[in-house]
Amino acid sequence: MDSEALSSVFLSREQIIRILSETPVGFIKPTNPATPSLPPFKKLGVLVEIDEIVGDQEKAAKISDIRDKEQSYSCAECRRMLPTAHLLDLHITEQHDLYFAASVDRGDKPMFCCFLEECTTKFQTPRQRKDHCIIVHKFPANYRFDQGKDKPKEKRHPKNKSISMEVDEVPSEVKCFPYIKAFSFGHQTHRTFYTRKDQKSQGETLDDVQSLKDAINDILD
Amino acid sequence: MASNPNPPLENSVLRSKIREYARDQRLECRIKAKDSLRIGLGQVKKEVAALESLDTKDVLGLAGRIKRRKHATSEDLCRLSLAFLQGNDNINAFAAIPGAIQVLVKELTGPHIQRQIDAVECLCNLSLGDAHVSEKIASLAGSYMVTYLDGKEERLKRSCLWTLSNILATCDKAGRILLQMQLVPKCWRLYSDPNGCQEDAGICLFLVVTHCLHHVSAEDRSYIAKTMHDINPQESGSEYFMYIIHQLDIVGQDHELGASQAECLLHFFENTLSSPVESFNIIYGVRVMANLVAIGNPKLIGGLADPQNFIKALNQLFALRDSQLNMDLMRLLRNYLHLNILDSNLLLDNLQIYA
């Protein structure tokens, strides 16, 4: 009786074979939208309480400083704090590694890694990396943790130097000294050297020095 | 008669130092333990009676203030957070002010962790708004929130994940921007690590595959396929695992699965069978198994290659009498028979499928 009852409850072999013949074989493709009901998701915010922590403000600030240091990655060389290990790694390599700098100067292979650890692309210049991050990863143009920000300034430096070298070669008439502002320290009478005057008598530098010394002696007396 | 070894002055200095140390420790613990309560848009007015009511005027005033000063104090950020929770009008009013979100981004990227947390919680409440607000947040602050997912501070990571989840659930375009910022591998890494953020990372991935599946790149999928073996079914958020794997089509013709990845999937499936779980999880578990069997390599299915284990598992699942599940189970059975591991009659005779 029991086996008969069971056989009426369960499908027979033939019935299963019939169903199987109608069932396709192979991979089940992802369904979009998902067919079974999904767990519901409700957008939620955060309830923040003002003045949650009562205590000495100075102490709290001190603890906050310690926490900032503990929870960030800081460079041992320049103490710059960065939020992730990857960004710190990039900073140390690009700012403090001489071997890296030499490799960049040689320029035979791309050296600058993407700001995103998961992206394996490398670039010849920080500018190329920045463009890549903006175009491909939709980063803002002024990404705060950009390591290559100082590079353009460094590039400008040699230019300035070359200009200054040229200036040295130019005849001394063209030289112009900056106007040094007089310091009064609260006193109305200005006691200072008027440097513009010196420009008029050029080529007499030794005499000028002597006159300056005399003037200082006068003031001291 | 016995003389005191420590003079009283030294004692008092020591005591005061210990007291000071204990006080600092308490304060530090209190800062760390400061938790956050999650609440829906507008719900705060019903739940918290003694709440300061902030309207659009207040929001405009606060926004003007933080823009003028170029910095927002913690109090400003907290008041803005509260204002956003109170209604969509406040959110829209703030989002319409040019340069206001940028001030929040400035605080988010500043050097102080607490200010970063305050800023991201403010953005979290702002993300309760409509699609255009989510899009603004994603493009202005998304890269930083995604970056912070690799950071050390747990609360900051959690708040970033909450904000990202709200954005993903709201706007497809914002979701695409976030995926371009490599959100998927970062979330997957958090989901794999036992760090306390697995549940939130799992929800984020769940929303990605539900709302932005067509934006997920082939690189993201292959990253998941390669690092799948790290997931533990006992960890929180594991209920989303099979759904994510199935929707991303990880077990398919495009990805070559290794033994360790297949073992991880089998482990998850066995875990699903052993513990009472939702039908959602079982259905996707069966679909993933059907695809694993469809690969056609008996070595990949481990213990399920043994007919006794396979029949036991199938009978257990057919006993649930779920019509949706039964269709997928039939597919699994068909794929299994296609492997030609054993005599099909022997298998079919032992199956107990309810009529």
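At what angle do the axes of helix α15 and helix α16 of chain B cross? Keep that one in mind while I get my pointer working. Before anything else, remember that we're looking at a predicted model.

Okay, the helices. In chain B, α15 runs over residues 259-274 and α16 over residues 279-294. Their axes come within 10 Å and cross at roughly 145°, and the crossing is left-handed. So who meets whom? On the α15(B) side you've got B:A262, B:L265, B:F268, B:F269 and B:T272. Across from them, α16(B) brings B:N281, B:I282, B:G285, B:V288, B:M289 and B:L292. Sort the residues of that contact by class and you get 8 nonpolar, 3 polar and no charged.

Now let's move over to where the two chains touch. Here 56 residues of chain A are in contact with 79 residues of chain B. Which elements of chain A give two or more residues to that side? They're α2 (13-22), β1 (45-47) and α3 (57-71). The largest share comes from α3(A), with 7 residues. By class, chain A's side has 33 nonpolar, 12 polar and 11 charged residues, so charged residues do turn up here.

One last thing, and it's about β1(A) again. This strand pairs with a strand of chain B, β1(B), residues 37-39. The two pair in the antiparallel sense, over 3 bridges. If you want a spot to click on, try A:L47, which stands opposite B:L37 in β1(B).

That's my tour, thanks for listening!

How values were computed: Residues are numbered from 1 along each chain as its sequence is written. Chains are lettered from A and ligands numbered from 1 in the order in which they are written. This is a predicted model: local features need pLDDT of at least 70, side-chain atom pairs count only at pLDDT 80 or more; totals for chains, interfaces and linings use all residues. Two residues are in contact if their C-beta atoms, placed from the backbone, lie within 7 Å. Helices (H or I, at least four residues) and strands (E, at least two) are DSSP runs, numbered from the N terminus. Ala, Val, Leu, Ile, Met, Phe, Trp, Tyr, Cys and Pro count as nonpolar, Asp, Glu, Lys and Arg as charged, and the others, Gly among them, as polar. Two strands pair if DSSP finds at least two bridges between them. Axes are lines fitted to C-alpha atoms, for helices over the stretch in contact, and angles run from 0 to 180 degrees between N-to-C directions. A crossing is left-handed if the near helix is turned anticlockwise from the far one by less than a right angle, and right-handed if clockwise.
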